[in-house]
Amino acid sequence: MEEEKLKTLLTVLAILLMGTLLGLIIYNTWSNPKSNTPSLYIQSPEKDKVEATNNLKVNVDTETLNKAEELYSQGINIWYGVYSDDADLLFISDNDGGYINIEHDYVSKNEDGKNETIKNHIFYQFKDNIITDNFSKTGIQNLIKSSGQIIFLNNHYYCADVWKPYYEVQNTLTATKQTTNEITFEVTNNTDDKVSTFIIEKENNTWKIKKFEINV
């Protein structure tokens with residue numbers, strides 16, 4: 001008899017406990033309705049950044065896009081200097097089958113990443129309009145400041161004789177921002193997905209390079 005009473009008591013307690021838990025679940029459900037606020041995942045910076053990037057894609061007319069591609073290709077040629085396939089179009093030839101050049105100090109980074117000055121380095125002279133026809137005034141300042149290999153001396157632009165490995169790379173230009181006088185492009189290297197920035201701006205109603213980053 002005692003054993004049966006104990007079983008009955010335990011059964012009643014179990015039922016009361018289950019009822020209490022069920023009541024709490026129902027109370028919480030009704031007292032805390034679902035919020036319209038997006039989840040934390042949707043609000044995360046990463047998600048916002050992706051959406052913002054997609055929203056910034058703009059359509060550029062074919063003529064302007066072709067000009068941008070032409071300017072970017074010319075920027076690559078200028079970066080390669082005398083080792084460009086189009087070197088004959090960039091530099092002034094001398095009487096010996098080479099290019100007119102001068103000697104000037106060249107500052108470059110050594111293996112430790114520190115600036116190193118090379119005395120009497122060879123610099124080749126660009127044809128007079130090569131830089132000014134392709135880069136805006138701001139673009140020229142950015143080019144000289146960022147490249148280190150291009151100098152302006154005696155009213156001429158010169159490029160240091162610096163060998164660079166040549167890569168056959170297909171880049172894709174995607175416009176990400178556009179105003180009346182300036183367009184920013186995201187340049188994607190289709191070989192390794194490296195991304196750089198390329199900006200063109202209108203100067204005297206002509207598109208020219210404002211910012212150029214090599215993407216190889």
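Which residues have the most contacts inside the largest nonpolar core? They are Phe91, Phe126, Ile131 and Phe198. The legends below start from the whole chain of this predicted model and then move to close-up views.

**Figure 1. Overview of the predicted chain, with its seven helices and eight strands.** The chain has 216 residues, and buried residues make up 30% of them. Its exposed surface is about 15000 Å². Carbon and sulfur atoms supply 52% of that surface. Among contacts with a separation of 6 or more, 51% link residues 24 or more positions apart. Five salt bridges turn up in a search of the whole structure.

**Figure 2. The largest nonpolar core, built from 32 residues.** Phe91, Phe126, Ile131 and Phe198 have the most contacts inside this core. Helix H4 gives the largest share, six residues. A separate core of six residues lies apart from it. Tyr106, Phe123, Ile151 and Val162 are among the members of that second core. Nonpolar side chains tend to be buried together in soluble globular proteins.

**Figure 3. Surroundings of phenylalanine 198.** Residues up to four places away in sequence are not counted here. Phenylalanine 198 touches Ala68, Leu71 and Tyr72, among others. Further contacts of phenylalanine 198 include Leu173, Ile183, Thr184, Phe185 and Val187. Ile209, Lys211 and Phe212 also touch phenylalanine 198.

**Figure 4. Helix H7, with buried and exposed residues on opposite sides.** H7 spans residues 137-147. Its buried residues are Gly139, Ile140 and Leu143. These three lie on the same side of H7, because they cover an arc of only 100° around the axis. Lys137, Gln141, Lys145 and Ser146 are exposed on the other side. The buried residues pack against helix H6 (130-134) and against three strands: S3 (150-153), S4 (156-160) and S8 (206-211). Glycine 148 follows H7 and has a positive phi, near 80°.

**Figure 5. A salt bridge within helix H4.** The side chains of lysine 67 and glutamate 70 meet at 3.5 Å, N to O. Both residues lie in H4 (residues 62-80). They are three residues apart, about one turn of the helix. Glutamate 70 is partly exposed, at 47% relative accessibility. Lysine 67 is also partly exposed, at 26%.

**Figure 6. A salt bridge between strands S1 and S2.** Aspartate 105 and lysine 119 meet through their side chains at 3.2 Å, N to O. Aspartate 105 belongs to S1 (residues 101-109) and lysine 119 to S2 (residues 115-125), so the pair ties together parts 14 residues apart in sequence. The relative accessible area of aspartate 105 is 33%, which makes this residue partly exposed. Lysine 119 counts as exposed, at 57% relative accessibility. Side chains of opposite charge can pair when their charged atoms come close.

**Figure 7. The hairpin of S1 and S2.** The two strands run antiparallel, joined by eight bridges. Lysine 109 has asparagine 115 in S2 as its bridge partner. Five residues stand between the strands of this hairpin. Glycine 113 takes a positive phi there, near 80°.

**Figure 8. Histidine 121 in strand S2.** Is histidine 121 buried or exposed? Histidine 121 is buried, because its relative accessible area of 16% is under the 20% cut-off. Its contacts, leaving out residues up to four places away in sequence, include Ile102, Glu103, His104 and Tyr106. Histidine 121 also touches Ala160, Asp161 and Val162. Of these neighbours, Tyr106 and Val162 are listed in the six-residue core.

**Figure 9. The hairpin of S7 and S8.** Strand S7 (residues 195-203) is joined to S8 by five bridges. The two strands run antiparallel. Lysine 202 stands opposite tryptophan 207 in S8. Two residues lie between the strands, and asparagine 204 in the turn has a positive phi of about 55°.

**Figure 10. A buried salt-bridge pair, lysine 208 and glutamate 203.** Their side chains meet at 3.2 Å, N to O. Lysine 208 and glutamate 203 are both buried.

Notes
Residues numbered from 1 in each chain as written. Predicted model: local features only at pLDDT ≥ 70, side-chain atom pairs only at ≥ 80, totals over all residues. Heavy atoms only, no water. Buried < 20%, exposed > 50% of the residue type's maximum accessible area, 1.4 Å probe, protein only. Helix = DSSP H or I, 4+ residues; strand = E, 2+ residues; numbered from the N terminus. Arc of directions from axis to C-beta. Contact = heavy atoms within 4.5 Å. Salt bridge = Lys/Arg side-chain N within 4 Å of Asp/Glu carboxyl O. Core = buried A, V, L, I, M, F, W, Y, C linked by side-chain atoms within 4.5 Å. Pairing = 2+ DSSP bridges. Areas by Shrake-Rupley, 256 points an atom, 1.4 Å probe, with all protein chains shown as cover.
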